Amino acid sequence: MTTAKIYNHGVAWEEAFSVTQGYSVNGTIYISGQFAHDMQGEFIGEGDIEAQTRQTLQNLDRVLAGFGVTKSNIAEMEIFLTNPQEHFEPCIALYKEYTGDHRPAATLIGVSGLAFPHQLIEIRAVAHTD
């Protein structure tokens, strides 16, 4: 029998929107799109791609830690940017700093908008527990 595990940050909108931050089954962790909010659910870094990217990656780390793994367990990342022409270079610099020598599969997608009007970036990932 397969047992699924979930992780949530504990912010109010998770329940309101019926969202789970991470869902693990059979050694694979599916991580919902992370963005720049603190653990009270307040948005961080309006208009600042570097601040938003750093906070988003910190939130990704929290989800991974909730399953007892680290960023070296990430197999795939998808990065969504609302302004890829302007934000590509600072985002990639922080991505490289974050991943270090680890090289997960990655996709960067330019989008016309995200869930919140001040949101510049969202990152979803797939990781493994082994």
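Leaving out neighbours within four places in sequence, Q34 is in contact with H9, Q21, T56, N59, L60, V63, I121, E122 and I123, where contact means heavy atoms within 4.5 Å. Q34 sits in strand β3, residues 28–34; strands here are DSSP runs of E with at least two residues, helices are runs of H or I with at least four, and both are numbered from the N terminus. With 0% relative accessibility, Q34 counts as buried. The cut-offs are under 20% relative accessible area for buried, over 50% for exposed and partly exposed in between, using a 1.4 Å probe and protein chains only.

This is a predicted model, with local features needing pLDDT of at least 70, side-chain atom pairs counting only at pLDDT 80 or more, and totals for chains, interfaces and linings using all residues. Residues are numbered from 1 along each chain as its sequence is written, and side-chain values use heavy atoms, with hydrogens and water left out.

Back to Q34: what does its side chain make a polar contact with? The partner is the side chain of H9, at 2.8 Å. The side chain of Q34 also reaches the backbone oxygen of S32, at 3.0 Å. A polar contact is a pair of N or O atoms within 3.5 Å; within protein, one must be able to donate a hydrogen and the other to accept it, and residues adjacent in sequence count only if both atoms are side-chain atoms.

Next door is G33, also placed in strand β3. G33 counts as partly exposed, at 23% relative accessibility. Beyond four places in sequence, G33 is in contact with Q21, E122, I123 and R124. G33 and E122 are 89 residues apart along the chain, yet their C-alpha atoms are separated by 5.6 Å.

Now for Q52, which is found in helix α2. Is Q52 buried or exposed? Q52 counts as buried, because its relative accessibility is 0%. Not counting residues up to four places away, Q52 touches A36, F43, I44, G45, E46, G47, H118, Q119, L120 and I121.

One of those partners is L120, found in the loop between β5 (105–110) and β6 (121–128). Though it belongs to a loop, L120 counts as buried at 14% relative accessibility. Apart from neighbours within four places, L120 is in contact with G47, D48, I49, Q52, F80, L81, T82, H87 and L114. Q21 is another story: L120 and Q21 are 99 residues apart in sequence and 19 Å apart in space, C-alpha to C-alpha.

A different loop, between α2 (49–66) and β4 (74–81), holds S72. S72 is partly exposed, with a relative accessible area of 42%. Its side chain is joined to that of T70 by a polar contact of 2.9 Å. Leaving out residues up to four places away, S72 touches H102 and H128. S72 and T99 are 27 residues apart in sequence, and 7.6 Å separates them in space, C-alpha to C-alpha.

Two loop residues have a positive phi although they are not glycines, and here they are together.

| Residue | Phi | Loop | Relative accessibility |
|---|---|---|---|
| S18 | positive, about 55 degrees | between α1 (12–16) and β2 (22–25) | 68%, exposed |
| N26 | positive, about 50 degrees | between β2 and β3 | 63%, exposed |

Stepping back to the whole protein, there are 3 helices and 6 strands. From the N terminus on, the elements run β-α-β-β-α-β-α-β-β. The radius of gyration is 14 Å, close to the 14 Å that the globule rule gives for 130 residues, so the protein is as compact as a globular protein of that length. That radius is taken over C-alpha atoms, and the rule is 2.2 Å times the number of residues to the power 0.38. Along its principal axes, the C-alpha trace spans about 50 × 35 × 20 Å.

Of the 130 residues, 39% count as buried. Among contacts with a separation of 6 or more, 66% come from residues 24 or more positions apart. The accessible surface comes to about 7,000 Å², of which 50% belongs to carbon and sulfur atoms; accessible areas come from the Shrake-Rupley method with a 1.4 Å probe, and for residues only the protein chains shown count as cover.
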